[in-house]
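Biologist: I'm happier with a pipette than with coordinates. Could you walk me through how to read a structure like this?

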Amino acid sequence: MKRLLFLVFFVLIFPACEPLVETFDEEMPCQLYEATVKKQAPAPGNTLLVMTWNMRYGAGRLGWFGDSCGDRVILSAGEVFPTLEQIAARIETIRPDIVLLQEIDIDSKRSAYIDQMQYLLDHTYLNYGVYASNWKSQFIPSDGIGRMDEGNAILSPWPLDDAKRFQLPLRNDIDALTRYFYVRENVMLARVNMPGTDNIYAVSTHLVANSRDDTKKRQLDEFVSILQDLHRQGNYFIAGGDLNLIPPNADSTDYCDERACAGDRYHGPNDDPTHLEGANYAPEITWLNPLFDEFLPSLTLAEYKTGEKKYFTNAQINSDYNSTLDYLFSNSAWAPGSHQVYHESQESDHCPVTALWVIPK
Amino acid sequence: MFQIIHFIRRWILALSLALPAAVLLAQKPLPPESPYFFSNTAYTLPARRGGFSLLHTSRYGIGSGLELGFHPLLVFLSPDIELKWKQIETPGYTLSSFHSVNYPSLLMRTVQIEGAGGFISREFDMPDMFAFQNGVMLSKEIRKGHHLTGKALFEFSVHSSPPDERSTVDLPIVFPRSAVYYKGYGFIAGAAFEGRLFGRFAYLATSDAYFFPKGGLDFFSESSLCLIWQTGRRFMLLGGAELTFGEYPFGAQWHLLPVLDFRWFLRV
């Protein structure tokens, strides 16, 4: 009886020690989604239109405290739904075959707990989705953020399988407590089961934004390694995302002034820090070279140089697009000149980026 | 680092349960007629006798079947005064009425912090709010040394302006206790079973249910199973687990939480 009693207590106590924050395995499956009502998937032609878009959790250009100079933390459903409606409409208009998303929320207090994956599948022609969290906590006791589940996603009209989430290295330049509750960036991939193909993978990622050490480089190395593995295994991939790095031949490498909040000063002899966190790309300017050297970008560096402004993908909430952070890569050819950005989009602080990918025969 | 903390925490919990086992055979039982309970029963404490806890409500007997209750940690930021008033006492059962008032606005404003420690966003203006609970508690000795307590409470809130619905803290324990400020009124029903187990050990099993009918019925439940170690005549240690269920703004969720506390009975 006594032994049984203590056994009952231990059985009850130990599961109670589950951590508050999801810390993720190195490799794990993704969360699968399907549209409530399936739509007729198109027959694939010779090309696929691929889109990558950091959709900013449906906040549009509102001033969220964490990524702009705003003071908003918890948005209302009345604020998020109209933006989601515009995002769905943008996808419907552009009509990509494969959508790679970043900063999509499925269960976050900041975005009124709206499952944005399900919303987009139910309000577009897309049928299938896979989702991988990169920031998941039952409660973040900071700034009133509360519950959080934000991640990357892949959407497609065709079924997706073999979906995996790979954990990227964590920041080393923040204290342990902050790191525990901080974003855990990932690379996610899924096989696109288009009729007549069995070796095409879509890959979505979002690298760290504000690190001041080599975290982004270590994450990029891991991203490249995953793409190399896919290539070695005889697969084709279309990979994209918000890499939070500017092209190696960009004219400007310092965005401290563009991104500074009112009253903040940088670059002066007495300014501490000298640079705004995540806005000085000078030390990182060569880090994207291996990706450009090894794989095929939808936008070559030569094309980019012909008119940088035309290819900017990132803006501040009250400014025009002024830097390029979002990319598409593959190990097979893109249709020349098909890379396109959509500066008319105001649904996020990033604009959608698309390119036509030639389906290998 | 946090893996180490979790590891240490598990061992502390394990030791806190294993320790009573180690001393189990070394201690003689206390005399059987202890008048003290860990749980909140319909019985009231004798005059000038206090039962103090860290996480649970502390209680103080003021005589004539009256007992005051307050929370030791929150008393200054979220003043919560409870009054238990013995109404009927027979050899078979004891019935008391229960009345409380709580003012949480100071606490809510205090946790509107920028950065770490911010449980509620600073974008919300937290109004002045009061919640009142009224109800009855009935305790009965089912078998010698084993007491069952049932309670039924009605709670309602008044405020200077309605709080923003997005300012809730969507966590177990916290949300059911603050829901009345957002929902206006609710009902609480519960039962607690406390009794002598063996030696200096007792058990406490509780189950509470919260109902908030306004705007569609929201339901929360909290059930706990704890072991009480009576280290001396006036000091108790409690350890166990609490299983909670709740219909939060994001949906329904279960939690299993550890429970650790003490109760120290003093003449004040």
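Modeller: We'll go through confidence, cores, strands, helices and a couple of single residues. Keep in mind that this is a predicted model.

Biologist: Then let's begin with confidence: what is the average pLDDT of chain A?

Modeller: Chain A averages 93, and 95% of the residues score at least 70. The pLDDT is below 50 over residues 1–16 of chain A. That stretch still has 19 contacts in the model beyond near neighbours in sequence.

Biologist: Next, the inside. How many residues are in the largest nonpolar core?

Modeller: There are 86 residues in it, and Val130(A), Ile154(A), Ala190(A) and Ala202(A) have the most contacts inside it. Strand 5 of chain A, residues 128–140, supplies the largest share, with 6 residues. There is also a second, separate core of 17 residues, with Phe38(B), Cys226(B), Leu227(B) and Val259(B) among them.

Biologist: Take Ala202(A) as an example. Which residues is Ala202(A) in contact with, leaving aside its neighbours within four places in sequence?

Modeller: Its partners are Ile98(A), Leu100(A), Ile154(A), Leu189(A), Ala190(A), Val192(A) and Ile238(A). Ile154(A) and Ala190(A) also appear in the list of core residues with the most contacts.

Biologist: On to strands. How do I read a sheet?

Modeller: Strands of a sheet pair through backbone hydrogen bonds, either parallel or antiparallel. In chain A, an open sheet of 7 strands has the order 1-7-8-9-10-14-11, with mixed pairing. Its edges are strand 1 (27–29) and strand 11 (296–297), and each of these pairs on one side only.

Biologist: Which way do strand 7 and strand 8 of chain A run, parallel or antiparallel?

Modeller: Antiparallel, with 6 bridges joining strand 7 (residues 160–167) to strand 8 (residues 186–192). To find the register, look for Asp161(A), which stands opposite Arg191(A) in strand 8 of chain A.

Biologist: And where would I find hairpins?

Modeller: Chain B has them. Strand 9 and strand 10 of chain B form one with 5 residues between them, and Gly215(B) in the turn has a positive phi of about 70°. The two strands run antiparallel and are joined by 12 bridges, with Phe201(B) opposite Trp229(B) in strand 10. Strand 10 of chain B then forms a hairpin with strand 11 of chain B, with 2 residues between them. That pair is antiparallel over 12 bridges, and Leu227(B) has Gly239(B) in strand 11 as its bridge partner.

Biologist: Helices next. What should I look for?

Modeller: An α-helix has 3.6 residues a turn, so residues three or four places apart point the same way. Try helix 5 of chain A, residues 215–232: at 1.5 Å a residue, its 18 residues should span 26 Å, and its end C-alpha atoms are 26 Å apart, which agrees.

Biologist: Which residues of helix 5 of chain A are buried?

Modeller: Thr215(A), Lys216(A), Gln219(A), Leu220(A), Phe223(A), Ile226(A) and Leu227(A). Seen down the axis of helix 5 of chain A, the buried residues fall within an arc of 135°, so they line one face of the helix. They pack against strand 7, strand 8, strand 9 (200–206) and strand 10 (236–242) of chain A. On the face turned away from the buried side, you'll find the exposed residues Ser225(A) and Arg232(A). After the helix comes Gly234(A), whose phi is positive, near 85°.

Biologist: How does helix 3 of chain B sit, then?

Modeller: In helix 3 of chain B (residues 174–183), 8 of the 10 residues are buried, so it is largely enclosed by the rest of the structure. Its buried residues include Phe175(B), Tyr181(B), Tyr182(B) and Lys183(B). Among the elements covering them are strand 6 (129–143) and strand 7 (146–159) of chain B. Just after this helix, Gly184(B) takes a positive phi of about 95°.

Biologist: What about the single residues you promised?

Modeller: Asp213(A) is in the loop between strand 9 and helix 5 of chain A. It is partly exposed, with 13 other C-beta atoms within 10 Å. Not counting residues up to four places away in sequence, Asp213(A) touches Asn172(A) and Asp173(A).

Biologist: And how far apart in space are Gln228(A) and Leu296(A)?

Modeller: They are 12 Å apart, C-alpha to C-alpha, and 68 residues apart in sequence. Gln228(A) is in helix 5 of chain A, and Gln228(A) is partly exposed, with 13 other C-beta atoms within 10 Å.

How values were computed. Residues numbered from 1 in each chain as written. Chains lettered and ligands numbered in written order. Predicted model: local features only at pLDDT ≥ 70, side-chain atom pairs only at ≥ 80, totals over all residues. Core = buried A, V, L, I, M, F, W, Y, C linked by C-beta atoms within 7 Å. Buried ≥ 20, exposed ≤ 12 C-beta atoms within 10 Å, placed from the backbone. Helix = DSSP H or I, 4+ residues; strand = E, 2+ residues; numbered from the N terminus. Contact = placed C-beta atoms within 7 Å. Pairing = 2+ DSSP bridges. Expected span 1.5 Å × (residues − 1). Arc of directions from axis to C-beta. pLDDT = per-residue confidence, 0-100.
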